[in-house]
Structure formats: structure tokens, C-alpha cells
Amino acid sequence: LDMHEIDDLREHIVGEWEGLPWEEVMPNIKANIRPPGGENKDDYSLRVRTTLTGILETNDDPVMIVAHGGTFYSLLHLYERRYEGSINNCHLHYFEPYASNDAFPWRIWQFDVGEKALSRSCAPFCATMDLAKTA
């Protein structure tokens, strides 16, 4: 497949906080404070939503989007969902449309590589986890 780098799916822009210890930056991010020269959670989430919507609305075929974990956190923020755990790098997730759930319009499946097979389970940050377990 052709690959296209989409700059608007880059990580959260923390402006002048770039390079500071994460322990100093994270409380400000969680508090939705806008850093000088950067974006707060609302700004970041809006950028991600606008970009993903554009991608999905202009492609008839399924797309693969490769992004950092911050993209997942921004989606959860948009839907006022909280997840305090970590989202692993290099994990394959499938967002299955689930329009009948107003709270979060996807079931999110996580794929893990086992010794002999690929296994599918509900992602731990999936807001529709109870629904996904029964599917």
C-alpha cells in the first residue's frame, strides 16, 4: 500500500514544555492547561478528530492508521472517557464502527501475537468493553 505521512496526526504539541521532565508536564496536560506555543488536550483532540474524520470520509476502502498512543488518549478525551493505564506502542487495534452506542461509537479490538497465532481481545481502554466481550 502507498504510505502517506499526515502531519496532523503527530503527537501532542507541548510547545515550551518540550524537553521538560514528564513528571512536570503530565499534571498540566491532565489539567488541560495550554502550554506556551503548544496545545491543550482540547486542541489536540480536535486536531486528531478533524484529521481522522477527513481520512475516513475520503476513503471508501478500509485504511490503516499508524499513530502514537496519544491519539487514543485524545479520542478518549473527546468522548469524556478516562483511562489511567498505558497504551502500548506497536499494537494493532481495529476500530469497529458501533454507531448505536452514543457514548463511544466504536468497539476497539486489540490484537496480540502469541507463539502460534494472533489473538483478538477487547482493548483495555475500550469504552464499550462490556459490549465487545459479548460480540
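## Starting with one arginine

Is R10 buried, partly exposed or exposed? R10 turns out to be partly exposed, with a relative accessible area of 30%. That value lands in the middle class because buried means under 20% and exposed means over 50%. Keep in mind that what you're looking at is a predicted model.

## The overall layout

Let's step back to the whole chain. You can pick out four helices and three strands. Follow the sequence from start to end and the order reads α-α-α-β-β-β-α. In other words, three helices are followed by three strands, and a helix closes the pattern.

As for dimensions, the C-alpha trace spans about 45 × 35 × 30 Å along its principal axes. Now take the contacts between residues with a separation of 6 or more: 39% of them link residues 24 or more positions apart.

## Inside and outside

How many of the residues count as buried? Of the 135 residues in the chain, the share is 29%. The accessible surface adds up to about 9500 Å², and carbon and sulfur atoms account for 52% of that.

## Counting the charges

The chain carries 12 positive side chains and 22 negative ones. Take the centre of each set, and you'll find the two centres 7 Å apart.

Here's a handy general idea: side chains of opposite charge can pair when their charged atoms come close. In this model, the count of such salt bridges is four.

## A network around R10

Back to our arginine. R10 pairs with D7 in a salt bridge, and their closest N and O atoms are 3.1 Å apart. R10 also forms a salt bridge with D8, this time with 3.3 Å between the closest N and O atoms.

What about the two aspartates? D7 is partly exposed, at a relative accessible area of 49%. D8 is partly exposed too, at 36%.

## A buried pair

Now look at another salt bridge, the one where the side chains of E39 and R47 meet, at 2.4 Å from N to O. Are these two residues buried or exposed? E39 is buried, with a relative accessible area of 8%. R47 is buried as well, at 11%. Both values earn that label because the cut-off for buried is under 20%.

Which residues do shared partners join into one network? They are D7, D8 and R10, linked by their salt bridges. So the arginine we started with, R10, is the partner that both D7 and D8 have in these bridges.

How values were computed:
Residues numbered from 1 in each chain as written. Predicted model: local features only at pLDDT ≥ 70, side-chain atom pairs only at ≥ 80, totals over all residues. Heavy atoms only, no water. Helix = DSSP H or I, 4+ residues; strand = E, 2+ residues; numbered from the N terminus. Buried < 20%, exposed > 50% of the residue type's maximum accessible area, 1.4 Å probe, protein only. Contact = heavy atoms within 4.5 Å. Areas by Shrake-Rupley, 256 points an atom, 1.4 Å probe, with all protein chains shown as cover. Lys, Arg positive; Asp, Glu negative; His and termini not counted. Charge placed at Lys NZ, Arg CZ, Asp CG, Glu CD.
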